Amino acid sequence: MDLDIFEPLGINCDQLHFLEAFVIFCLLQESPRIDAAERQAIDSNEINTAHYGRDPALKLTQGQKQVSLQEWGQEILHEMQAICEILDEANSCDDYSAALRQQAAAMEEAALTPSARILHEMRATEEGFFEMASRHSRIHQTRVCKHALSPQDTEFFTDAVQQSVKKQLEIEASDTVSFDEFLENYFQETLPEKAVTV
């Protein structure tokens, strides 16, 4: 998930609803250890998606088979449907299912993706990405600066900072293990014998 250049806060409510459902979906999935071959496939899928994700012919490695990004994406979105319905019912809304439908539509129609929207605007304004991003940043800055925090919000955030710093100091004061020892213990407990380290 990258910042949404078109949103003043970098993200909108629909995206947050989708992300909440997606995180719960991930939490509920089986997560067996991966071996070196699967780690390599994951890395390859990530690089290929970043570089060629807009190419309809792109194939990703899913276990022992090759699937399109759209096919795999729609499979995940379909599996998320039940979670979104439960979240909608729990919150007396349709926000989660609506957010899921938006993502499904973008998976079917590339013109609805954030990258397509950015490319369309760059062509329309004849701007490079840096120029377009800078222009949107200035627009967002102006908009945000017009809305000062209320005294109550200022007090809330000031108190939150103070509590956070206090808690951090307490945690650090209670540490009895060096960072190097912590890392060594962590990897001994979590990595299988043939796991790939990074």
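## A walk from Glu127 outwards

A polar contact of 2.8 Å links the side chain of Glu127 to that of Thr125. Let's start from that small detail and work our way out, keeping in mind that this is a predicted model.

Where does Glu127 sit? You'll find it in the loop between helix H5 (114-125) and helix H6 (129-145). Leave aside residues up to four places away in sequence, and Glu127 still touches Met122, Met132 and Arg135. Just after H5 comes Glu126, and its phi is positive, near 55°.

Now look back along H5 itself. A quick check on its length goes like this: at 1.5 Å a residue, its 12 residues should span 16 Å, and since the end C-alpha atoms are 17 Å apart, the two values agree. (The expected span is 1.5 Å times one less than the number of residues.) Which residues of H5 are buried? They are Ala116, Ile118, Glu121 and Met122. Part of what covers the buried residues of H5 is H6.

Next, the nonpolar cores. The largest one has 11 residues: Phe18, Ala21, Phe25, Leu77, Met80, Ile83, Cys84, Leu87, Tyr96, Ala99 and Leu100. Three helices, H1 (13-28), H3 (69-91) and H4 (95-108), each supply at least two residues of this core. H3 gives the most, with 5 residues. Apart from this core lies another, of 6 residues, and here you'll meet some names from earlier: Ile118, Met122 and Met132 are among them, along with Ile5.

Back in the largest core, try picking out Met80. What does Met80 touch, not counting residues up to four places away in sequence? The answer is Phe18, Ala21, Phe22, Phe25 and Leu100.

Finally, zoom out to the whole protein chain. There are 8 helices and 2 strands in it, and reading along the sequence gives the pattern α-α-β-β-α-α-α-α-α-α. How does the overall size come out? The C-alpha atoms fill a box of roughly 55 × 55 × 40 Å, taken along the principal axes. For a compact globule of 198 residues you'd expect a radius of gyration near 16 Å, but this chain has 22 Å. Of its 198 residues, 20% count as buried. The chain exposes about 15,300 Å², and carbon and sulfur atoms supply 57% of that. As for contacts with a separation of 6 or more, residues 24 or more positions apart account for 49% of them.

How values were computed: Residues are numbered from 1 along each chain as its sequence is written. This is a predicted model: local features need pLDDT of at least 70, side-chain atom pairs count only at pLDDT 80 or more; totals for chains, interfaces and linings use all residues. Side-chain values use heavy atoms; hydrogens and water are left out. A nonpolar core is a set of buried Ala, Val, Leu, Ile, Met, Phe, Trp, Tyr and Cys residues joined through side-chain atoms within 4.5 Å. Buried means under 20% relative accessible area, exposed over 50%, partly exposed in between (1.4 Å probe, protein chains only). Helices (H or I, at least four residues) and strands (E, at least two) are DSSP runs, numbered from the N terminus. Contact means heavy atoms within 4.5 Å. A polar contact is a pair of N or O atoms within 3.5 Å; within protein, one must be able to donate a hydrogen and the other to accept it, and residues adjacent in sequence count only if both atoms are side-chain atoms. The expected span of a helix is 1.5 Å times one less than its number of residues. The radius of gyration is taken over C-alpha atoms; the globule rule is 2.2 Å times the number of residues to the power 0.38. Accessible areas come from the Shrake-Rupley method with a 1.4 Å probe; for residues, only the protein chains shown count as cover.
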